[in-house]
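I opened this entry to look up the ligand site first, then the sheet, then the odd spots in the backbone.

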Amino acid sequence: MHFPVMADEALSLLAIKPEGVYLDCTAGMGGHTGLIAQRLTTGLVIANDRDGESLDLARANTAQYADRIRYHQGKFSELRSTIQSEGFQRVDGLLADLGVSRYQLVEAPQRGFSFLTDGPLDMRMTQGTGMTAADLVNFTAEKAIADLIYQLGEERRARKIARAIVRARPIRSTSHLADVVLRAVPRTGRLHPATKTFMALRMAVNDEPGELDRLLDIGPELLNSGGRMVVISFMSSEDRKVKEKFRALGRDGRAEILTKHPLQPSEQETSQNPPSRSAKLRAVMMNGAS
Ligand SMILES: C[S@@+](CC[C@H](N)C(=O)[O-])C[C@H]1O[C@@H](n2cnc3c(N)ncnc32)[C@H](O)[C@@H]1O
């Protein structure tokens, strides 16, 4: 079963018009895309994802609404040309549900996102291009590894972990890396000690902070007046960026903030889908052409 995170909240804040044009920047497994498409009549939704395999999955999962969906492979930084290639300058609503999908994390061990199953240390969302996680851990200086685990993973024990990584090189697989981290730092709370390290490496490999910056810059410019932008994030560093951008849009009179405080999933949702528990959702509505 696939539960799109905070679907009711996202859909209601997007205020879908049956004839509107929507951009799902993170189609993933097609959960939100399908729910948007379901509400359309003459409208359409552009389902975008940088991961071609995920896009295939989204296509299969939303086949019943395929006539209202345009599937597109691309990164946030390419969104302007994505909507232009579908014949639009602006859209009525834009949704971004950040991070990785359950498919990438759990169902595709060969993609190397998870420490729970063995796989190659890859972690690239756009397959086949750019640096892999193995390149990063095996060829980066210890201090740079420590900095990225500390900054992106919000991991206090980053220096110890980086030292252990460098000593254990070459690191060949996800299980090998998880084991190195586990031996370097003791298990404290509920989280596996490698959780934050894996998250940090994934964010670095995919330049997720840079991609989010570009999404927040470009997104508002792609919206019609009255158009809505909804962002769901899972890291406090990401939510902070979204909050600051939305506040700046509000201050400049370009948008109205629709969520004074971030919305979080209901207890019912977190018990049904525990990974949703760290989700924070923020939304704005554009005031005029920007
Ligand atoms: C949490 S999942 C989305 C799940 C989706 N909302 C659903 O209901 O099935 C996030 C997706 O965003 C994609 N993604 C992450 N960063 C991206 C970027 N910079 N550009 C395009 N897609 C990105 C990932 O490949 C992943 O499939």
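I count a residue as near the ligand if one of its heavy atoms lies within 4 Å of it. The model is a predicted one.

**Ligand site**

I looked up which residues surround the ligand. There are 26 around it, and His2, Met29, His32, Asp49 and Asp97 come nearest. I then sorted the shell by class and got 8 nonpolar, 12 polar and 6 charged residues.

Next I went through polar contacts, for which the cut-off is 3.5 Å between N or O atoms. The side chain of Asp97 places an N or O atom 2.8 Å from a nitrogen atom of the ligand. On the backbone, a polar atom of Gly31 is 3.2 Å from an oxygen atom of the ligand. Ala27 also takes part through its backbone, with an N or O atom 3.4 Å from a ligand oxygen.

I checked how much of the ligand is covered. Its area taken alone is 610 Å², and the protein buries 97% of that. I also asked which elements give two or more residues to the shell, and found helix 2 (31–38) and strand 2 (44–49).

**Sheet**

I traced the strand order of an open sheet. Its 7 strands run 3-2-1-4-5-7-6, and the pairing is mixed. Strand 3 (69–73) and strand 6 (255–257) are at the edges; each has a single partner strand, so one side of each lacks a neighbour in the sheet. From one strand to the next, the twist averages 15 degrees.

I took a closer look at one edge. Strand 2 pairs with strand 3 in the parallel sense, over 5 bridges. One residue I followed was Val45, whose bridge partner in strand 3 is Ile69.

I then noted two helices that pack on the sheet. Helix 11 (residues 208–221) touches strand 4 (91–97), strand 5 (223–233) and strand 7 (280–286), and its direction makes about 155 degrees with that of strand 5. Helix 12 (residues 236–251) touches strand 5, strand 6 and strand 7, and its direction makes about 20 degrees with that of strand 7.

**Backbone**

I looked for a cis peptide and noted the bond from Arg169 to Pro170, with omega near 0 degrees. Pro170 sits in the loop that joins helix 8 (158–168) and helix 9 (174–184).

I also noted Ala15, a residue other than glycine with a positive phi, near 45 degrees. Ala15 belongs to the loop between helix 1 (7–14) and strand 1 (21–24).

Methods
Residues are numbered from 1 along each chain as its sequence is written. This is a predicted model: local features need pLDDT of at least 70, side-chain atom pairs count only at pLDDT 80 or more; totals for chains, interfaces and linings use all residues. Side-chain values use heavy atoms; hydrogens and water are left out. A polar contact is a pair of N or O atoms within 3.5 Å; within protein, one must be able to donate a hydrogen and the other to accept it, and residues adjacent in sequence count only if both atoms are side-chain atoms. Accessible areas come from the Shrake-Rupley method with a 1.4 Å probe; for residues, only the protein chains shown count as cover. Helices (H or I, at least four residues) and strands (E, at least two) are DSSP runs, numbered from the N terminus. Ala, Val, Leu, Ile, Met, Phe, Trp, Tyr, Cys and Pro count as nonpolar, Asp, Glu, Lys and Arg as charged, and the others, Gly among them, as polar. Two strands pair if DSSP finds at least two bridges between them. Axes are lines fitted to C-alpha atoms, for helices over the stretch in contact, and angles run from 0 to 180 degrees between N-to-C directions. Contact means heavy atoms within 4.5 Å.
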